[in-house]
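Let's walk through this model together, from its core to its charged pairs. Keep the structure open beside the text as you read.

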Amino acid sequence: MKESTTTKLVKIALIGALYTVLTLVIAPLSFGTVQFRISEALTLLPLFSPLGIWGITFGCFFSNLIGFLTGTNPIGMIDALVGTSATLIAALITYRIGKIPFASMEPGKARIVRALLAPIPVVLSNALIVGLELALVFGGNPGESLPYIWAFQGISVAAGEIVICYTLGMLLTFALYRADLYKKLFPETRPA
């Protein structure tokens, strides 16, 4: 079934809006040196459709921007650019994971492998990029201690991502796999 451009844009907007609402509803926990964004569960949607790439990227951008404008995002305006870049990179890699054929595996096992691999780019991208961003913003003088501050911030961000992606993200992923619900939501999706 071929979807219209308008339908695709509406789906992207809905994903972005849902990401933004889930981020801002727990705003104090969504920003800062220890981040715990329940909206990050949605970062696994690119596994199913390219619409997920753009939905979560726009959602991240607007969340960080609104967080900055309302004073709940202490990182500042830079987070709207840097944090969103980390999300976009992770989304593009997650989408590629969804395209791996795993031809030698039965479909059920291939789905499990994809679901387990999908959070890895999210965790690593945010740990490295957002971790560095936090180290530079909150770490003071980027001298000799920068690698240690970066490591601490990266581990802190990675921990939050692991908890959310491997709990809520997995629940979402397997709910979409169950009864092939993802095919109804994203008809343009590839078979998985």
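Helices here are DSSP runs of H or I with at least four residues, numbered from the N terminus. With that convention, Asp 79 is found in helix α4. Please keep in mind that this is a predicted model.

**An acid without a partner**

Let's stay with Asp 79 for a moment. Which side chain of opposite charge is nearest to Asp 79? The nearest is Arg 37, 4.0 Å away, yet Asp 79 has no salt bridge, although this residue is buried. If residues up to four places away in sequence are set aside, Asp 79 touches Phe 31, Arg 37, Asn 64, Asn 73, Thr 84 and Glu 133. Arg 37 therefore appears both as the nearest opposite charge and, with a cut-off of 4.5 Å between heavy atoms, among the contacts of Asp 79.

**The nonpolar cores**

Next, the interior. The largest nonpolar core has 25 residues. Those with the most contacts inside this core are Leu 45, Leu 47, Phe 48, Ile 56, Tyr 177 and Phe 186. Four elements each give two or more residues to the core: α1 (5-24), α3 (50-70), α4 (78-99) and α7 (146-177). There is also a second core, separate from that one, with five residues, including Ile 75, Ala 86, Leu 134 and Val 157.

**A buried serine**

Where is Ser 39 found? Ser 39 is in the loop between α2 (27-30) and α3. Its relative accessibility is 0%, so Ser 39 counts as buried. Apart from neighbours within four places in sequence, Ser 39 is in contact with Tyr 19, Leu 22 and Thr 23. Ile 66 lies 27 residues from Ser 39 along the chain, and the C-alpha atoms of these two residues are separated by 15 Å.

**Aromatic pairs**

Now for the rings. Searching the whole structure gives five aromatic pairs. In one of them, Phe 61 and Phe 62, the ring centres are 5.4 Å apart and the planes stand at 75°, so this pair is edge-to-face. Phe 61 is partly exposed at 25% relative accessibility, and Phe 62 is partly exposed at 42%.

A further pair is formed by Phe 174 and Tyr 177, with ring centres 6.3 Å apart. Why is this pair called tilted? The planes meet at 50°, and planes from 30 to 60 degrees apart count as tilted, because under 30 is stacked and over 60 is edge-to-face. Phe 174 and Tyr 177 are three residues apart in helix α7, so about one helical turn separates them. Phe 174 is partly exposed, with a relative accessible area of 34%, whereas Tyr 177 is buried, at 5%. Ring pairs also link Phe 48, Phe 174, Tyr 177 and Tyr 182 into a cluster. Two members of this cluster, Phe 48 and Tyr 177, are among the residues with the most contacts inside the largest core.

**The end of α7**

Helix α7 has a feature of its own to look for: a kink of about 35°, centred on Gly 169. Just after α7, Ala 179 takes a positive phi of about 55°.

**Salt bridges**

Finally, the charged pairs. How many salt bridges does a search of the whole structure find? The search finds three, and the table shows them with their N to O distances.

| Salt bridge | N to O distance |
|---|---|
| Lys 11 and Glu 3 | 2.4 Å |
| Arg 111 and Asp 180 | 2.6 Å |
| Asp 180 and Lys 183 | 3.7 Å |

Lys 11 is buried, with 17% relative accessibility, and its partner Glu 3 is buried as well, with 11%.

Arg 111 lies in helix α5 (residues 107-117) and Asp 180 in the loop between α7 and α8 (181-185), so their bridge ties together parts that are 69 residues apart in sequence. Arg 111 is buried, at 17% relative accessible area, while Asp 180 is partly exposed, at 26%. Lys 183 is partly exposed too, with 37% relative accessibility. Through shared partners, salt bridges join Arg 111, Asp 180 and Lys 183 into one network.

Terms used
Residues numbered from 1 in each chain as written. Predicted model: local features only at pLDDT ≥ 70, side-chain atom pairs only at ≥ 80, totals over all residues. Heavy atoms only, no water. Core = buried A, V, L, I, M, F, W, Y, C linked by side-chain atoms within 4.5 Å. Buried < 20%, exposed > 50% of the residue type's maximum accessible area, 1.4 Å probe, protein only. Phe/Tyr/Trp six-rings, centres within 6.5 Å; stacked < 30°, edge-to-face > 60°. Lys, Arg positive; Asp, Glu negative; His and termini not counted. Bend = angle between axes of the 7 residues up to and from the residue.
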